[in-house]
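Please look over the sequence and the model below. The report that follows walks through selected features, one at a time.

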Amino acid sequence: MTDLEFLYQQYWWGVALWRLALAALLIALGLFSRPFLRFLVRGAVKAAHRTQAQWTADLIRLLPGPLSLVVHVLLWYGAGLLLSLPIEPYNVRATVMSGLLVAVAVVCTAVLFRLIDVAALSAERLAGRTATRLDDQLVPLVRKALKILLAVVVGIAIVDKLGLDVTSFVASLSIGGLALALAAKDTVANLFGSVVLFTDQPFKIGDAVSVSGTEGVIEEVGLRVTRVRQMDKSVATIPNHSFTTTKVVNYSMRTQRRIRHRVGLDYRTTPDQMQAFIVSVRTMLQEMESIDASTVLVHLEALDESSLGVLVQAFTVSPGFDAFMRAQETVLMNILRLVEVQGLSIAFPSRTVYLDRTEGDL
């Protein structure tokens, strides 16, 4: 009798010895599949994509692990078939094979998760090249949403494979989701608000905005709140749902800045002097390189209680704050020089009191 015939005729726990040996070999092969799969994946990726792109490195780094698990489970599935597990008095074979099929679904889902991660990493690198940072925060949101959707679909498939009532399972999920949504309606509203921010993009990180009376610079846009660094360097936290119902003023999107002041001359100013002053201020503004000449407005606006109000308004060419401050300072200094040169006076609040003395008063 040969050794091969001996193996075929020997049984251990009711299973042929050759089946046990082959099942053990399959399990052992699964344990050493990770380095082999890493080699195969690296070779396949390099063959398909000769240039060393970053996504290939991500694929080589992330994919072999879950792929080795798939091979493990498939080899174990084959070992389960070889072992001819008993079906009486308890159907061990059906239980084990169903469990292995569930394991196959789980590890395949892990592979899809890693592929989503690879795609997300590539999307993050592309988003990092854009000027706005809102898309940088949108990528993790989409990645999590895809993983949650995939997990729900696989979970429903597993429940159906196990012979459970999928309709009841989905109904229970719907009821639980409704209860959760009612309990966390503010959180859900903030999530919808974040979607609005990501799609409409009323501002980006670093923009100066005004929201619900809060003014400052956008520092972070999260899934629930947006953080604004106020002018006093404190941080204001604004729920995202408020952006769907509140006016948002984005100062960083303006193309120019307005200089607007009111110059009050005293009532000793004659009409001719007033006319000369208005013309000189208007000419001064139109000759400044930092001022848009088409936006210059200089007019006598009002006869106030203690002064003659002259409106001086113009827009700067550059929207930058530093350029605006320099232009505004130049305008005000030139106005003071014109007032001095033309012999005029800036009025200040005053009141004249008349005393009426009648005979007999002390």
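Gly-155 is partly exposed in this predicted model. Its relative accessible area is 24%. That value is neither under the 20% cut-off for buried nor over the 50% cut-off for exposed, so the residue falls in between. Gly-155 sits in helix α7, which covers residues 134-161. Val-102 is 53 residues away from Gly-155 along the chain. In space, the C-alpha atoms of Gly-155 and Val-102 are 9.6 Å apart.

**The chain as a whole**

The chain has 362 residues, and 31% of them count as buried. It holds eleven helices and ten strands. Take the contacts between residues at least 6 apart in sequence: 64% of these join residues at least 24 apart.

**Two hairpins**

Strands β4 and β5 form a hairpin, with three residues between them. A second hairpin is made by β5 and β6, this time with four residues in between. Strand β5 therefore takes part in both pairings listed here, since two strands pair if at least two bridges are found between them. The table sets out these pairings together with that of β8 and β10.

| Strand pair | Sense | Bridges | One bridge pair |
|---|---|---|---|
| β4 (residues 214-221) and β5 (residues 225-230) | antiparallel | five | Glu-220 and Arg-227 |
| β5 (residues 225-230) and β6 (residues 235-239) | antiparallel | five | Val-225 and Pro-239 |
| β8 (258-265) and β10 (residues 308-315) | antiparallel | eight | Ile-259 and Ala-314 |

What is the phi of Lys-233, in the loop between β5 and β6? It is positive, at about 75 degrees, although Lys-233 is not a glycine. Most residues other than glycine have a negative phi. Is Lys-233 buried or exposed? Its relative accessibility is 63%, so Lys-233 counts as exposed.

**The three-stranded sheet**

Three strands form an open sheet in the order β8-β10-β9, with antiparallel pairing. Strands β8 (258-265) and β9 (297-303) stand at the edges. Each has a single partner strand, so one side of each is left without a neighbour in the sheet. Neighbouring strands of this sheet are turned by 20 degrees against each other on average, direction ignored.

Two helices meet these strands. Helix α10 (residues 271-287) packs on the sheet and touches β8, β9 and β10. The direction of α10 makes about 145 degrees with that of β9. Helix α11 (residues 321-341) lies across β8 and β10. Its direction runs at about 20 degrees to β8.

**The largest pocket**

Rolling a probe the size of a water molecule over the atoms shows where empty space is left. Here, the largest pocket has a volume of about 210 Å³. Which residues line the largest pocket? They are Ala-208, Glu-215, Met-231, Tyr-251, Arg-254, Arg-257 and Phe-321. By class, the lining has four nonpolar and three charged residues, and no polar ones. Several lining residues can be placed by their numbers: Glu-215 belongs to β4 (residues 214-221), and Phe-321 begins helix α11 (residues 321-341).

Key
Residues numbered from 1 in each chain as written. Predicted model: local features only at pLDDT ≥ 70, side-chain atom pairs only at ≥ 80, totals over all residues. Heavy atoms only, no water. Axes fitted to C-alpha atoms, helices over the stretch in contact; angles between N-to-C directions. Contact = heavy atoms within 4.5 Å. 1 Å grid on protein atoms, 1.4 Å probe; cavity = no way out; pocket = protein on both sides within 12 Å on 5 of 7 lines; lining within 4 Å. Points joined across faces, edges and corners; volume = space filled by probe spheres on them. Nonpolar A, V, L, I, M, F, W, Y, C, P; charged D, E, K, R; others polar. Buried < 20%, exposed > 50% of the residue type's maximum accessible area, 1.4 Å probe, protein only.
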